[in-house]
Amino acid sequence: MSDAKPEAKKIATAKTFKKIMADHFLQIDAAAADSKRKVAWCTSVGPAELLQGFGFEVYYPENHSAILGTIRKATDYIPYANAAGYSPEICSYLTADVGAYMQGFTPLTRAYGIKAVPRPDVLVYNTNQCRDVQDWFKWYAREWQVPCLGIETHRNIGVVTKEHVDSIAGQLRNLAKELEKIAGPLDMDKFKESVGLSRRCSELWEKVLRTGTARPSAITFFDGTIHMGPAVVLRGMQVAVDYYEQLLEELNKRVDDKVAAVEGERFRLYWEGMPIWGKLRPLSEQFLELQTCVVASTYCNSWIFNQLDPDQPFESMARAYTELFIVRSDDVKEDYIAKMCDDYHVDGIVYHDAKTCPANSNCRYGMAQRLSERCNAPNLVINGDLNDLRCYSEEQTRTNIEAFIEQLAQG
Ligand code: SF4
């Protein structure tokens, strides 16, 4: 018997991923250096399609901060933002990103030769995910003296009503009037095209993730955290559609050939909460060793916007960005997770209680216990953080995961 550690199965489409992400960053860098072109910063579930309708190159700082986390640099820079009055308790995407900026660091330099993050003409947020994005963007707005505009979303929504949709669509129309002052008139055809491409991207991304329903699963949560990149930063563009067509073809082949993402898959888990960006690899390796596949997650599914409709761009955007999991009431969230556990045939649920992201930590008010009972699936809570590794104990987590799988093995 070999002592070699099992290796994660490589996804060939990853080569394309690297290229299109590089092109994305280089294109924005070029736009930022060109006085005739406009750059907008946008939150990850912000109104990207509208910005594209105005011809902005769109940059997503959450993606940038996740890269800081992945290369394990975030924890180094968080203290600089803390010293400037941004608490260690608030979003560590914000603190890592602002701290890195203060110190003149960006991982884009090493990866793509880009000197600095692109200076925007406008920053546009949507508070559908949390309030931190607003504070984050306002920091840069003060730093660069550029406008910061936003959509203020309802919270804790049960049923999404016409009133909700109308109020957000109204805000989007007002936002368009403000953007017009910066970028000139909205190109309605381009806007509709972008909404249509985003919809197509969403449909394909959902199909990619659904290859996790197969037994054995063709994909893991850890694959998903990487390959979701284009759904976040390239949605609304043809390149993302092409990418997911290619990825889907590869994964469908895996399903047909019964190729397992985790060799000898014994257990299937659901991941609820943020990724721990700096620990994706060791976690992925531990689950591989335990022949356990994390088959699905709320997080990766958050960039599915199948409500988008090019014939009703404002209303459908309002609906898509309000029907998001993170905006909804606990009852809706529980129904959603229960359905996912059923669809993906999961044996257990892992909750990541991320210290600095309460919006994405759903295990703090009894939901884990309620869902375990409802789904007959034990749960494990991992204490950690998306970016601040000072909040995470690797040793403790390793032990807890081992014990959890042991518990599943004993039935
Ligand atoms: S949802 Fe969480 S991780 Fe995302 S920006 Fe808000 S606080 Fe940060």
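**View 1. Pairing of strands β5 and β7 in the predicted model.** In this predicted model, Y270 of strand β5 has I349 as its bridge partner in β7. Strand β5 comprises residues 267-272 and is joined to β7 by four bridges, the two strands running parallel. Helix α17, formed by residues 394-409, packs on the sheet and touches β5, β6, β7 and β8. The direction of helix α17 makes about 175 degrees with that of β8.

**View 2. The open sheet β6-β5-β7-β8.** Four strands, paired in parallel, make up this open sheet in the order β6-β5-β7-β8. The edges are occupied by β6 (292-297) and β8; each has a single partner strand, so one side of each is left without a neighbour in the sheet. On average, neighbouring strands of this sheet are turned by 30 degrees against each other, direction ignored.

**View 3. Strand β8 and its link to β7.** Strand β7 (residues 348-354) runs parallel to β8, and six bridges join the two. Within this pairing, L380 in β8 is the bridge partner of V350. The two strands, together with helix α16 (residues 367-375), make a right-handed β-α-β unit. In general, the side chains of a regular strand alternate between the two faces of the sheet. Strand β8 (residues 379-384) displays such alternation: L380, I382 and G384 point to one face and are buried. N379, V381 and N383 point to the other face and are not buried.

**View 4. The open sheet β2-β1-β3-β4.** This open sheet consists of four strands in the order β2-β1-β3-β4, with parallel pairing. Strands β2 (57-59) and β4 (148-151) are the edge strands, and each pairs on one side only. The average turn between neighbouring strands of this sheet is 25 degrees, direction ignored.

**View 5. Strands β3 and β4 with helices α7 and α8.** Strand β3 (residues 122-126) and β4 run parallel and are joined by four bridges. N126 stands opposite I151, which belongs to β4. A right-handed β-α-β unit is made by β3, α7 and β4. Helix α8 (residues 162-183) lies across β3 and β4, and runs at about 165 degrees to β4.

**View 6. Burial of helix α5.** Helix α5 (residues 92-102) is largely enclosed by the rest of the structure, because 10 of its 11 residues are buried. The buried residues are S92, Y93, L94, T95, A96, D97, V98, G99, A100 and Y101. The elements covering these buried residues include α3 (61-70), α4 (74-83) and α7 (132-144). Just after α5, G104 takes a positive phi of about 70 degrees.

**View 7. Surroundings of the ligand.** The residues around the ligand are E62, C91, Y93, Q129, C130, D132, V133, M274, C357, A359, N360 and L386. By class, this shell divides into eight nonpolar, two polar and two charged residues. One of the residues around the ligand is Y93, which is also among the buried residues of α5.

**View 8. V239 in helix α12.** V239 is placed in helix α12, which spans residues 238-256. With 16 other C-beta atoms within 10 Å, V239 is partly exposed, because a residue counts as buried only from 20 such atoms upwards and as exposed at 12 or fewer. V239 is in contact with I20 and L234, its neighbours within four places in sequence being left aside. Although V239 and I20 are 219 residues apart in sequence, their C-alpha atoms are 7.6 Å apart in space.

**View 9. R254 in helix α12.** R254 also lies in helix α12. R254 has 19 C-beta neighbours inside 10 Å and therefore counts as partly exposed. Apart from neighbours within four places in sequence, the contacts of R254 are T211, A218 and V259. The C-alpha atoms of R254 and A214 are separated by 9.7 Å, the two residues being 40 residues apart along the chain.

Methods
Residues are numbered from 1 along each chain as its sequence is written. This is a predicted model: local features need pLDDT of at least 70, side-chain atom pairs count only at pLDDT 80 or more; totals for chains, interfaces and linings use all residues. A residue is near a molecule or strand if its C-beta atom, placed from the backbone, lies within 6 Å of it. Ala, Val, Leu, Ile, Met, Phe, Trp, Tyr, Cys and Pro count as nonpolar, Asp, Glu, Lys and Arg as charged, and the others, Gly among them, as polar. Two residues are in contact if their C-beta atoms, placed from the backbone, lie within 7 Å. Two strands pair if DSSP finds at least two bridges between them. Axes are lines fitted to C-alpha atoms, for helices over the stretch in contact, and angles run from 0 to 180 degrees between N-to-C directions. A crossover is right-handed if, with the strands pointing away from the viewer, the path from the first strand over the helix to the second runs clockwise.
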